[in-house]
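User: Hi! Could you take a close look at the metal and ligand site in this model and walk me through it?

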Amino acid sequence: MRRARSAHLSTDNRTQRKRDFTTVTALTLSTAGAATLRADALVVGVAKGAGSKSGDLVLAPGAEAVDKAFDGKLATVLETLGASGAEGEVTKLPAPSGLKVPVVIAVGLGAVPDGDDAYDAEKLRRAAGCAARALAGAEKAGFALPLASVEDAGAVAEGALLGAYAFTAYQRGENSLAPKGAKDNGPKLPLAEVALLGTKPRDKAFKAAAERATALVEEINRARDLVNTPPNDLYPESFAAVAAAAGKEHGIKVQILDEKALVKGGFGGLLGVGQGSSHGPRLVRLAYTHPKAEKTLALVGKGITYDSGGISLKPAGHNETMKCDMSGAAAVFAAVVAAARLGLRVNVTGWLALAENMPSGTATRPGDVLRMYSGKTVEVLNTDAEGRLVLADALTRASEEKPDAIVDVATLTGAMVLALGNRTFGIMANDDAFRTSIHEIAEEVGEASWPMPLPADLRKGMESPTADIANMGERMGGGLVAGLFLKEFVGEGIAWAHLDIAGPAYHEGAPYGYTPKGGTGSAVRTLVALAERTAAGDLG
Ligand code: BES
Ligand code: MN
Ligand code: ZN
């Protein structure tokens, strides 16, 4: 039986790291070719031919050596096996004797690109993810997918490492938060080693791409772990403790405001949401700083470790997955740690607004008025609209430090899921150019998103006879109403964007591409790329 594995990059000999929650897959830039690599499997790409004959299967670049071992008949063999090259398709076949692997896996890449175009990076990422999922339980696989650039190598690495994920803590007992003595069973361990073929292992750019992919995906997988950890083990205090430990490991300053400090500071939003639970709220500040940074980015995450709805209790059928309501905080946490690990030349401050939303004799009642950290009063008409309350306090607090921009990430509204579906997050902002930039960055890193407006006329629905604002407005456009509420708590003159990830944060269907069931790590890639752009001075 294999034990929990440590992460390492074969391209450098840093001390081996062990991740707290699940196993970590290693990434190596292979110096061996497909013909000489010893592994459990080789992965090649196949595409749908663009020619007149539909059903034409085309081998993607990178598959040449494997095809040669099949006497140039690999495409024919795959067609006979029923392969079409469709995205998401995985065909496994025994390898011929000329190869040093027992199995070849062909993954579909969809239509062959036009003319001289390269394969789309997100298609490569997803195909690599499909192959990695099909290889669960295996030790090592060589990925011989088409790489037209260093960026493509990064995308394949990301997809493979993201696909090599399983949350096994409660079946294999690998999680410090899980009960001790969990049995050694459950899902297979993920593929242990991804060997990227067709790269230049000694080339600095390839090494950097591999290191970036490793750090980024380990943090995305950490966010997934946090989302998947059940709410009886992950509550504000234990989440804050995980953040403190990671901060220590990566040189990030971590400050935790506990209930007493929140009372002293007047954080009425966080306290109001958290007061029904036996697990008190926390506000965590994570600060990664670079000595040569010219800009500071503030990231704010909704961290409701469980959303029962509170006194406005959610009906059965709507609360089983509400452990996912801290996905925004998990994404922010992961992004700050990734920024630190990558040594980005930008300051990144993360704010985790942590509370558990529970009904009880001490819970906030519909009709209560909260005095927020900003001094504004809020009439709570529905205790299930709690995310905006904890975020409001964190946004005000983050604004005090006058960052160059603030981005909040939240599983905020069911309305956004109705609008955009389960795979696309909505982007709202107080600055059109900033919203456009984030949309473009998300597109580039392969995260589906869409710009949404903040129509001023929706503000009047939140007018309250007793307080400055109510926490609910018109039902129609509920995602935009929530965005308008948040906007009022952002400091004057600060560029701000709000990502409503209620749809893509948690995946309930069958796994696809590199997306597993459960926590997805939505928005981490966008946040990290935003930090990179900010560091490079690409944003205003
Ligand atoms: N956490 C929920 C939103 C949510 C819904 C997240 C589905 C993930 C999947 C949020 O706190 C909530 O309950 N929002 C209410 C707001 C309403 C009461 C104004 C909603 O969307 O129904
Ligand atoms: Mn709610
Ligand atoms: Zn919620």
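Analyst: Happy to; here is the site, beginning with the metals and ending with the ligand.

A word on conventions: this is a predicted model, in which local features need pLDDT of at least 70, side-chain atom pairs count only at pLDDT 80 or more, and totals for chains, interfaces and linings use all residues. Residues are numbered from 1 along each chain as its sequence is written, chains are lettered from A and ligands numbered from 1 in the order in which they are written, and side-chain values use heavy atoms, with hydrogens and water left out.

The manganese ion (ligand 2) is held by Asp-307 (OD), Asp-384 (O and OD) and Glu-386 (OE), at 2.1 to 2.2 Å. Donors here are N, O and S atoms within 2.8 Å of the metal (3.2 Å for Na, K and Ca); water is not among the atoms, so sites may look incomplete. Along the chain, the manganese donors follow the spacing D-x76-D-x1-E.

The zinc ion (ligand 3) takes Lys-302 (NZ), Asp-307 (OD), Asp-325 (OD) and Glu-386 (OE) as protein donors, 2.0 to 2.4 Å away, with the spacing K-x4-D-x17-D-x60-E. The two ions are 3.1 Å apart, and Asp-307 coordinates both.

Next, ligand 1. Of the 16 residues around ligand 1 (near meaning a heavy atom within 4 Å), those that come nearest are Lys-314, Asp-325, Asp-384, Glu-386 and Gly-414. Three polar contacts (pairs of N or O atoms within 3.5 Å; within protein, one must be able to donate a hydrogen and the other to accept it, and residues adjacent in sequence count only if both atoms are side-chain atoms) can be listed:

- Asp-307 places a polar side-chain atom 2.9 Å from a ligand 1 oxygen.
- Gly-414 has a backbone N or O atom 2.7 Å from an oxygen of ligand 1.
- Leu-412 has a backbone N or O atom 3.5 Å from a nitrogen of ligand 1.

The protein covers 76% of the 520 Å² of accessible area (Shrake-Rupley method, 1.4 Å probe; for residues, only the protein chains shown count as cover) that ligand 1 has on its own.
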